[in-house]
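Q: Could you take a close look at one part of this protein, the aromatic rings that pair with one another, and explain it step by step for a first-year student?

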Amino acid sequence: MHEEIRIKANGIELAGWLFRPAGPGPHPLVVLSHGFSATLAMGLADYARVFRDAGLAALCYEHRNFGASGGEPRYEIDPWQQVADMREVISHARTLPDIDATRIGLWGTSYAGGHVLTVAALDRRVRCVVSQVPLVEGHATLRAWIGEPHWDAMQQRFGEDRDARYRGEAPRVSRPARPGDQTWDWVVAIGAEQTYPNQITQRSLELIASYEPGSFIARIAPTPLLMVLATGDTQTPYAGQRAAFARAGQPSSLVLLDGGHYDPYTTLFPAAAGAARDWFVGHLAGAER
């Protein structure tokens, strides 16, 4: 069971689910958030329950402009706005009853895997962090998604969208998943075809190119960092993730899983969740208050 909560964040309210462990507090807490266009119900609770059963409180939340969270325009993904919101969620978590405000961890996956790297580097309230299959190189990743033959045409479309917005027109939207691609295969695998919005604003893609979470990784230490990577990841490419991890200070650790970007939510879930759980238990539950 979990408690549904609302979190004030930079002028709007975010939807959240709070999982509390058994026994008296104050409990350490892990903040969890999802990837690029995923919603709260798409697997976050699975990780939260693993953490809760290990004695950790867990707070999952939905990014602004998606699902039950507020915010406009709908389906717009601004990485720096999401980073700012994550820091507000930390503030909210520190006010909760029976939660130890000095033992807050971050878990993020894919796009939010990049956010937790950024926030952990900037915010010393974070006690430890787990970054799973993260986006670390925004420009290079977007360029690979679009493909070199289509890059210039896409830049023109971005400019046209900006001009249209200036004229007061509605944001142009795109579908991030199509039948046959990896994202859609994952949506089907977790049975989310009816709940996944499968919409993003075109500007959401443009903003990826301005976001480089890997540039913050050297600044995370001495906050303990675990990166959980899939060696066959082509969505947020594995080579760039390994290069980013090489810049991390200590304490840091690396878990490599034999699979693709979406496997940590499905076939590799026990290994991915178990590694994160053990990291948080070691650095939060076992830490002195």
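A: What follows looks at the aromatic pairs and then turns briefly to a helix and a pair of strands.

The model is predicted, and the structure holds 13 aromatic pairs. A pair of aromatic rings is described by two values, the distance of the centres and the angle of the planes.

Take Phe36 and Trp145, which form an edge-to-face aromatic pair with 6.2 Å from centre to centre and 70° between the planes. Phe36 belongs to the loop between strand 3 (27-33) and helix 1 (44-53), whereas Trp145 belongs to helix 4 (residues 138-146), so this pair ties together parts that are 109 residues apart in sequence. The two partners can also be described by their accessibility: Phe36, at 12% relative accessibility, counts as buried, because buried means under 20% relative accessible area, while Trp145, at 34%, counts as partly exposed.

The rings of Trp80 and Phe216 can be read in the same manner. Their centres are 5.9 Å apart and their planes stand at 65°, so this pair is edge-to-face, given that an angle over 60 degrees counts as such. Trp80 lies in helix 2 (residues 79-93) and Phe216 in the loop between helix 7 (202-208) and strand 9, so the pair ties together parts that are 136 residues apart in sequence. Here Trp80 counts as partly exposed, at 36% relative accessibility, and Phe216 is buried, with a relative accessible area of 13%. These residues belong to a cluster, in which ring pairs link Phe36, Trp80, Tyr111, Trp145, Tyr211 and Phe216.

Tryptophan residues also appear in helix 6 (residues 182-189), where Thr183, Trp184, Trp186 and Val187 are buried. These four cover an arc of only 155° around the axis, which puts them on the same side of helix 6. At the N-terminal end, helix 6 is capped by Asp181, which has a side-chain oxygen 3.3 Å from the backbone nitrogen of Thr183. Helix 6 is followed by Gly191, whose phi is positive, near 70°.

Strand 9, already met as one border of the loop that holds Phe216, covers residues 225-230 and pairs in the parallel sense with strand 10 (residues 252-257) over six bridges. Within this pairing, Leu229 stands opposite Leu256 in strand 10. Between the two strands the chain crosses through helix 8 (residues 238-245), and this β-α-β crossover is right-handed.

Notes: Residues numbered from 1 in each chain as written. Predicted model: local features only at pLDDT ≥ 70, side-chain atom pairs only at ≥ 80, totals over all residues. Heavy atoms only, no water. Buried < 20%, exposed > 50% of the residue type's maximum accessible area, 1.4 Å probe, protein only. Arc of directions from axis to C-beta. Polar contact = N/O pair within 3.5 Å; in protein donor to acceptor, adjacent residues only side chain to side chain. Pairing = 2+ DSSP bridges. Right-handed = clockwise from strand over helix to strand, strands pointing away. Phe/Tyr/Trp six-rings, centres within 6.5 Å; stacked < 30°, edge-to-face > 60°.
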